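Here's a quick briefing on helix packing and pockets. Have a look at the model first, then walk through the points below.

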Amino acid sequence: MLACDLTLPSPQENLACDEALLALCEEGGADELLRLWEPSQYFVVVGYSNHVRSEVSLPFCQQHTIPIFRRCTGGGTVLQGPGVLNYSLVLRADSSGPAHSITAANHFILKRHQAALAAILQAPVEIRGHTDLAIGGLKFSGNSQRRTKHFLLFHGSFLLHFDVEFMERVLPMPSQAPDYRFGRSHSDFLMNLKVPPSLIKRALLKTWDVKDLLADIPLDRIAQLARHKYGADDWNFKF
């Protein structure tokens with residue numbers, strides 16, 4: 001496993017980076033990877049099949065110049081911003097391996113993260129819904145994946161010191177929610193871990209047995225994807 005702690009200047013580039021790293025592995029340029037990054041500005045990211053008008057408070061985002069983007073993986077809409085730590089895993093999806101299916105990958109990865117975080121937080125971390133991590137029924141991490149022929153991208157976020165009240169103004173109640181949400185507002189459903197990002201980073205690097213750093217970042221492909229896909233309205237507002 002190789003790692004890169006890489007936050008790029010724009011939201012478009014950060015979203016493009018995950019897709020570029022998946023392509024890098026699929027084409028034989030690297031094996032398995034772990035990327036870590038932390039956004040410095042607020043922006044909305046809708047899941048691949050989400051409808052922007054039903055999942056985002058468009059007038060508020062337009063008034064406050066909060067950009068909206070679409071990612072290449074499924075799942076619900078999220079607000080990115082200061083106080084969030086993101087991670088991206090690119091793993092082999094061999095038919096005989098632990099990530100051979102969507103369900104198997106969810107279980108394999110989330111069980112590892114559950115154990116690693118429970119150890120450092122000294123708290124009973126729960127796997128809830130399909131791909132959430134929570135403590136006492138309060139969600140602090142959501143995750144999603146995309147699969148190619150030989151690899152998968154599994155990425156997610158950890159709420160550390162995020163302004164959840166601000167999220168109330170940016171995102172309405174989601175059109176789909178896990179059963180354990182029970183109709184709760186964002187503020188009543190989400191929690192911050194209130195730990196430094198370095199603590200979570202060290203735990204992830206350890207649990208994935210990272211051996212070295214990724215030396216060659218596919219910057220050209222990232223730039224192309226950022227410009228022609230993640231920077232394009234026909235992608236971001238396709239639904």
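Keep in mind that this is a predicted model. Let's start with handedness: α1 and α8 cross in a right-handed way, and α4 passes α7 in a right-handed crossing too. On the pocket side, the largest pocket holds about 1300 Å³ of space, while the second largest has a volume of about 160 Å³.

**Helix α1 against helix α8**

- Helix α1 covers residues 11–26 and helix α8 covers residues 219–228; they pack at an angle of about 130°, with axes 8 Å apart.
- That angle makes α1 oblique to α8.
- On the α1 side, the residues in contact are Gln12, Glu13, Ala16, Cys17, Glu19, Ala20, Ala23 and Leu24.
- Across from them, α8 brings Arg221, Ile222, Leu225 and Ala226.
- Sorted by class, this contact has eight nonpolar, one polar and three charged residues.

**Helix α4 against helix α7**

- Here α4 (102–121) meets helix α7 (residues 197–207), at an angle of about 135° and with the axes 10 Å apart.
- So α4 counts as oblique to α7 as well.
- From α4, the contact takes in Arg112, His113, Ala116, Leu117 and Ile120.
- Their partners in α7 are Leu199, Ile200, Ala203, Leu204 and Thr207.
- The class split for α4 with α7 is seven nonpolar, two polar and one charged.

**The largest pocket**

- The space in this one comes to about 1300 Å³.
- There are 49 lining residues, and the closest to the pocket centre are Arg71, Gly75, Gly76, Thr77 and Lys139.
- Elements giving two or more residues to the lining are α1, β5 (78–80), β6 (84–92), β9 (138–147), β10 (151–159) and α6 (186–189).
- Which element gives the most to this lining? That's β9, with seven residues.
- By class, you get 18 nonpolar, 24 polar and seven charged residues in the lining.
- Helix α1 is worth a second glance: α1 helps line this pocket and also packs with α8.

**The second largest pocket**

- This pocket has a volume of about 160 Å³.
- Its lining is made up of Met1, Glu32, Leu91, Arg92, Asp94, Gly97, Pro98, Ala99, Phe108, Arg112, Trp208 and Asp209.
- Two elements, β6 and α4, give two or more residues each to that lining.
- The classes here are six nonpolar, one polar and five charged.
- Arg112 turns up twice: Arg112 lines this pocket and is also one of the α4 residues that meet α7.
- Strand β6 does double duty too, as β6 gives two or more residues to the lining of the largest pocket and also to that of the second largest.

Terms used
Residues numbered from 1 in each chain as written. Predicted model: local features only at pLDDT ≥ 70, side-chain atom pairs only at ≥ 80, totals over all residues. Heavy atoms only, no water. Axes fitted to C-alpha atoms, helices over the stretch in contact; angles between N-to-C directions. Helix = DSSP H or I, 4+ residues; strand = E, 2+ residues; numbered from the N terminus. Parallel < 35°, antiparallel > 145°, perpendicular 65-115°, else oblique. Left-handed = near helix turned anticlockwise from the far one by under 90°. Contact = heavy atoms within 4.5 Å. Nonpolar A, V, L, I, M, F, W, Y, C, P; charged D, E, K, R; others polar. 1 Å grid on protein atoms, 1.4 Å probe; cavity = no way out; pocket = protein on both sides within 12 Å on 5 of 7 lines; lining within 4 Å. Points joined across faces, edges and corners; volume = space filled by probe spheres on them.
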